[in-house]
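Here's a quick tour of one sheet and one helix pair. Have the structure open as you read.

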Amino acid sequence: MSAADSSVAHPEHDRSSLSRESLKRAFLDHLLYTQGKSLEIASKNDLYQSLAHTVRDRLVRSWFDTSATHQKRNARTVAYLSAEFLMGPYLGNNLLSLGISHEIRLAMSELGLDLDELLRQEEEPGLGNGGLGRLAACFIDSLATLEVPAIGYGIRYEYGIFYQTIMDGWQVENTDAWLRYGNPWEIQHAEWAVQVKLGGHTEQYTDDSGRFRVRWVPEKTVAGVPFDSPIPGYRVDTTNTLRLWRAEATEAFDFHTFNRGDYLGAVNKKVTSENLTKVLYPNDESVQGKELRLEQQYFFVSCSLQDMLRLQQHRGQPVTSFHKSFAIQLNDTHPSIGVAELMRLLIDEHLVPWDRAWDITRQTFSYTNHTLLPEALERWPLELFRRVLPRHLEIIFEINARFLNEARIHFFGDETRIARLSLIDESGERYVRMAHLACVGSHAINGVADLHSELLKRDLLKDFYAMWPDKFTSMTNGVTPRRWVALSNPRMGKLVTRCIGDGWIKDWSRIREIEPYADDAAFAAEWRAIKRANKIDLASLLLRKTGIKVDPDSMFDVQVKRIHEYKRQHLSALHIAALYHRVKSQRNLDITPRTFIFGGKAAPGYMRAKLMIKLITAIGDVINHDPDVRDRIKVVFIPNFSVTVGQCVYPAAELSEQISLAGKEASGTGNMKFAMNGALTIGTMDGANIEIRDEVGEDVFFLFGLTAEEVYALRREGYRPMDFLRRDGELHAVIELIRSGFFSRGDSALFAPLIDDLLNHDPYMLLADYDSYAACHSRVDQAYRDTQAWTRMSILNTARSGKFSSDRAIGEYCDRIWKARAVPVEKR
Ligand code: NBX
């Protein structure tokens with residue numbers, strides 16, 4: 001029995017529905033009445049759907065009690081606004097939260113079914129790009145587990161992040177039709193649909209009481225329909241809601257066109273409306289000029305704010321105390337149009353005076369920044385913005401005028417600073433700067449790791465920091481130990497539970513209690529056996545997905561994350577090519593056998609990143625087929641890295657590659673998942689790596705590379721990558737090898753865009769860090785040979801990772817930003 005299966009305190013009246021017999025009966029009922037099948041003819045999907053419905057039914061009562069309690073108590077509710085929620089598969093997690101994995105497993109097996117096979121049937125909703133979307137998912141898990149009233153608001157994309165295959169070493173994108181077989185976890189609530197206006201123009205008029213007002217006459221109106229999924233806390237009565245909006249044509253609109261006799265026109269409009277939530281935009285593609293993306297953002301934000309106002313009314317509260325009922329978190333700038341939309345709703349629709357409305361707005365919103373890369377900052381061409389949201393542009397102009405007045409007093413005579421602060425970029429073509437709107441409209445602004453928060457204050461947002469130092473704070477990210485340990489690594493969970501009890505699942509700081517076991521030989525032997533078993537599981541996944549056979553006794557050295565130049569997967573590629581070069585030059589070289597495992601998606605329009613994938617697979621192809629080295633080095637690229645794949649990867653990893661150029665990775669969260677699962681980190685002083693090293697200790701962390709300060713200094717002096725290349729013979733040889741076409745069947749042009757860039761510009765300073773990286777890997781190589789010492793370091797990494805739970809992060813947000821408290825659910 002795994003930690004996930006241990007029994008829980010559930011009140012009597014619930015337990016009866018959780019007995020094996022009633023689970024079996026409910027399952028067979030769903031098979032018959034929901035899927036219309038018998039056991040004999042059911043497909044795997046029928047079986048999965050029936051089980052999912054059976055489990056969902058068991059969440060409905062607490063889901064219901066939760067909203068009733070929150071409504072009755074008028075509890076301050078956290079609204080987490082995010083364009084992305086990368087939830088991962090629901091079934092396993094919900095079984096874990098309910099504490100019925102064991103009973104379900106037995107119930108299924110009594111019906112001749114294998115739970116693991118049913119779990120594998122679930123098509124994961126990939127409604128996010130990477131770290132930002134996954135953070136939102138970890139956060140709503142923690143909010144529910146901590147019993148904090150919360151709603152996750154987002155978009156129900158019909159197509160999530162593309163499905164990646166690798167063909168001839170290149171990334172190929174395929175559509176992700178995740179809703180193909182239906183989504184058993186969601187409930188559609190047509191009765192709570194709202195209307196969202198788009199386009200058109202505004203008109204001024206005077207109302208009956210002589211008040212000056214503005215009317216927005218839209219070009220079109222779209223309906224937003226909410227789809228709710230339950231988010232159960234771990235072994236508590238709280239089940240919060242994830243509410244995702246789908247765009248539909250409004251009936252009124254259809255009628256209008258229809259009555260003019262234009263049936264096909266009406267249908268066409270319907271299709272156009274529904275395009276709004278059709279597909280998730282992959283990140284890093286030029287975010288500018290994508291009108292549909294602005295419409296998407298506005299659509300879900302407007303739906304969510306209207307929904308909160310409805311709830312406010314339902315709770316019998318006046319709109320003027322909106323900020324007392326809701327704390328809205330902006331997950332990056334994607335929902336930051338909410339600042340202008342709340343102002344519009346309060347002023348135009350609820351007749352609240354400007355100053356009062358502005359007060360409410362600022363007390364409601366807070367903003368999390370997730371990037372320091374200036375090219376990733378969202379800004380919308382003014383004319384595009386006016387076309388889509390004419391009324392909001394007026395409101396933004398007014399916010400800006402008032403804000404700049406305040407700024408002019410603060411920075412008397414400093415007009416260049418005023419221009420830098422403005423919500424409108426007027427240096428060339430005019431843009432609306434969304435990060436500025438978020439800063440001005442929020443009472444708190446945070447970075448996602450300490451270094452990142454410092455750099456925000458020093459660089460990206462320095463003018464705002466100078467004006468409002470008290471608004472700024474740092475909230476180091478965290479990840480949920482439920483999904484990332486209890487669910488993904490049940491073997492480790494079971495061992496830990498046997499030693500210290502299962503309190504760690506709800507309170508990851510208690511994982512510290514395993515620290516004394518680091519010197520316990522029997523514990524260490526089990527720890528090693530668990531890692532080995534997890535490696536065997538991953539090896540079979542790798543074989544299934546790539547046809548490449550790897551040795552579970554080699555070191556599993558892993559880099560999984562989005563493919564991006566700043567994350568420097570190509571630094572790792574250079575080092576692997578160097579190892580290959582070394583082994584080929586000294587045939588008997590004694591190196592620790594390694595399996596280099598990569599995974600991650602490149603944005604479809606990001607050619608350099610796609611070429612990085614090709615470089616890794618090309619080097620891998622040569623190495624994996626060369627009899628001289630293939631027993632010592634293997635390189636595998638796992639296609640379509642996802643939450644599901646991650647759950648298999650983190651528990652099997654021994655070395656975690658966190659090698660971004662210092663100052664570029666805001667935080668990283670994969671780094672935390674690895675450390676929790678006992679991998680050692682080879683990493684730079686970047687993002688949360690710094691804090692991981694502080695926690696686990698510098699002697700159990702492989703540090704290399706320039707610090708952020710050194711990066712700035714080097715850039716100031718004038719960085720010349722060639723200077724570094726001349727100093728390093730091996731690197732020189734490796735670059736020549738790649739350039740010559742050795743890894744590309746003689747095609748010397750293929751990797752030229754990457755290599756030439758390294759030699760001439762190297763904006764992410766790979767050449768400056770290469771030496772230190774290679775030397776660090778030699779230390780890793782040596783360290784791995786001492787199995788006992790390595791195991792000890794592995795245990796210490798897990799034991800000291802207590803800080804990196806999203807429960808800790810959410811606790812800090814609740815105390816310092818949201819002023820939200822736990823509200824125990826009253827059972828009916
Ligand atoms: O957010 C990531 C950062 O790069 C990580 O350092 C950080 O740990 C994580 C959570 O705070 N950012 C990220 O994932 N961004 C996106 O996915 C993204 C999505 C859409 C877009 C721009 C960026 N337009």
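What follows covers the sheet and then the helix crossing.

This is a predicted model, where local features need pLDDT of at least 70, side-chain atom pairs count only at pLDDT 80 or more, and totals for chains, interfaces and linings use all residues. Numbering starts from 1 along each chain as its sequence is written, and side-chain values use heavy atoms, with hydrogens and water left out.

Let's start with the sheet. Six strands (E, at least two residues, as DSSP runs numbered from the N terminus) form an open sheet in the order β20-β19-β18-β21-β22-β23, with parallel pairing; strands pair if DSSP finds at least two bridges between them. At the edges sit β20 and β23, each pairing on one side only. Inside, β21 and β22 pair in the parallel sense over four bridges, and Q658 stands opposite G683 in β22.

| Strand | Residues |
|---|---|
| β20 | 633-638 |
| β21 | 655-658 |
| β22 | 680-683 |
| β23 | 702-703 |

Now the helices (H or I, at least four residues). The axes, lines fitted to C-alpha atoms over the stretch in contact, of α2 (residues 20-34) and α5 (residues 101-110) come within 9 Å and cross at roughly 60 degrees, on a scale from 0 to 180 degrees between N-to-C directions. The two are therefore oblique to each other, that is, outside the ranges under 35 (roughly parallel), over 145 (roughly antiparallel) and 65 to 115 degrees (roughly perpendicular).

Who touches whom? With contact meaning heavy atoms within 4.5 Å, α2 brings R20, E21, L23, K24 and F27, while α5 brings E103, I104, L106, A107, M108 and E110.
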